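Here's a quick tour of a two-chain model, meant to be read with the coordinates open. Have a look at the structure first, and then we'll go through the pieces.

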2 protein chains.
Amino acid sequence: METMMGLVIRESDSQWEGWADPVIGAKSPVRWKLLITGDRTPTKGLTIGIAEVPPGVSQLLHHHEPQEAYYVVEGAGTVELEGRALAIGPGSALFIPPNAKHRVINSGTAPLRFVFVFPTDTFEEIQYHYDE
Amino acid sequence: METMMGLVIRESDSQWEGWADPVIGAKSPVRWKLLITGDRTPTKGLTIGIAEVPPGVSQLLHHHEPQEAYYVVEGAGTVELEGRALAIGPGSALFIPPNAKHRVINSGTAPLRFVFVFPTDTFEEIQYHYDE
């Protein structure tokens, strides 16, 4: 059994990632850095990363079994969450229940950056399902 | 059984809080806003808030049974984590294992602000234990 260890991960030391599927990537040109995920860090039960939605871009509407939370660091836009449109900006926290359909729309002129959190061991285990 | 609901909580709509115990409050003049916690929001399994450590202030060394993660939004300082001193700044993510002794030291001139996350239903259930 792997031992968990206290650690600090710096965003500047992590690499940007995007969707491996080129069709999804073209429709949803969002990038993210994984910071805490048990397949890379000696951690369990929490997965954390930072995501960036470029200006004018809308994520594809999607859902996943694990619940998720966001904290918006920079930028402004809208989250479509369970069919409602809610304004978000710096300091907005979102709670996304299990299987809730959601997407972020950056309606501003600057990148929209948010921290995402899953109460899971890893990011790898999250199965994304698209709803459009 | 309460139903979970997707929601957005704005930091600007939440109130600052501090330690109710005046002795702890004097030694650790840190303030925080709770954003997602199941005793106030229809949520489970994730507790999220934003904390602010004033310049020159050191948190009391402490631990709690649930593990925790931070994401530093603003400011610079040090985290003492399991006996090691680690530099933190904007974009630093921390993983704090169950019962790991930790504290944040703001060695800068601006407030040090970080998002804290517990994989728990509520903040209320976290029992803080002090190690100094």
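## A salt bridge inside chain A

In this predicted model, the side chains of A:Arg31 and A:Glu52 come together as a salt bridge, with 3.2 Å from N to O. The two partners sit 21 residues apart, so to speak in distant parts of the chain: A:Arg31 belongs to strand S2 (residues 31-36) of chain A, and A:Glu52 to strand S3 (residues 47-53) of chain A. Side chains of opposite charge can pair when their charged atoms come close.

Counted over all chains, there are 16 salt bridges. How many are there between chain B and chain A? That count is zero.

## What holds the interface instead of charge pairs

Polar contacts are another matter: 16 residue pairs are in polar contact between chain B and chain A, counting pairs with both residues at pLDDT 80 or more. On the side of chain B that touches chain A, the residues split into 27 nonpolar, six polar and seven charged.

The contact draws 40 residues from chain B and 40 residues from chain A. Between them the two chains bury about 3000 Å², and carbon and sulfur atoms give 67% of that area. Three residues stand out here: B:Leu46, B:Tyr71 and B:Phe95 supply 22% of the area that chain B buries against chain A, more than any other three residues.

## Two copies, one axis

How do the chains relate? A turn of 180° with a shift of 0.0 Å along the axis lays chain B on chain A, with an RMSD of 0.0 Å. That is the relation of a two-fold axis. The same surface serves both copies, too, as 100% of the contact residues of chain B recur in chain A.

If you want to find the axis from chain B, go to B:Pro119: its C-alpha, at 2.9 Å, comes closest to the rotation axis among the residues of that chain.

## Strands across and within the chains

Strand pairing crosses the interface as well. Strand S8 (residues 92-96) of chain A pairs with S1(B) in the antiparallel sense, over four bridges. One of the residues to check is A:Ser92, whose bridge partner in S1(B) is B:Arg10.

Inside chain B, S6(B) and S7(B) also pair in the antiparallel sense, here over five bridges. Which residue of S7(B) is the bridge partner of B:Gly77? It's B:Ile88. The hairpin of S6(B) and S7(B) has two residues between the strands, and in that hairpin B:Glu82 takes a positive phi near 55°.

Technical notes. Residues numbered from 1 in each chain as written. Chains lettered and ligands numbered in written order. Predicted model: local features only at pLDDT ≥ 70, side-chain atom pairs only at ≥ 80, totals over all residues. Heavy atoms only, no water. Least-squares fit on C-alpha atoms with pLDDT ≥ 70 in both. Contact = heavy atoms within 4.5 Å. Buried area = accessible area lost by both parts, 1.4 Å probe. Salt bridge = Lys/Arg side-chain N within 4 Å of Asp/Glu carboxyl O. Polar contact = N/O pair within 3.5 Å; in protein donor to acceptor, adjacent residues only side chain to side chain. Nonpolar A, V, L, I, M, F, W, Y, C, P; charged D, E, K, R; others polar. Pairing = 2+ DSSP bridges.
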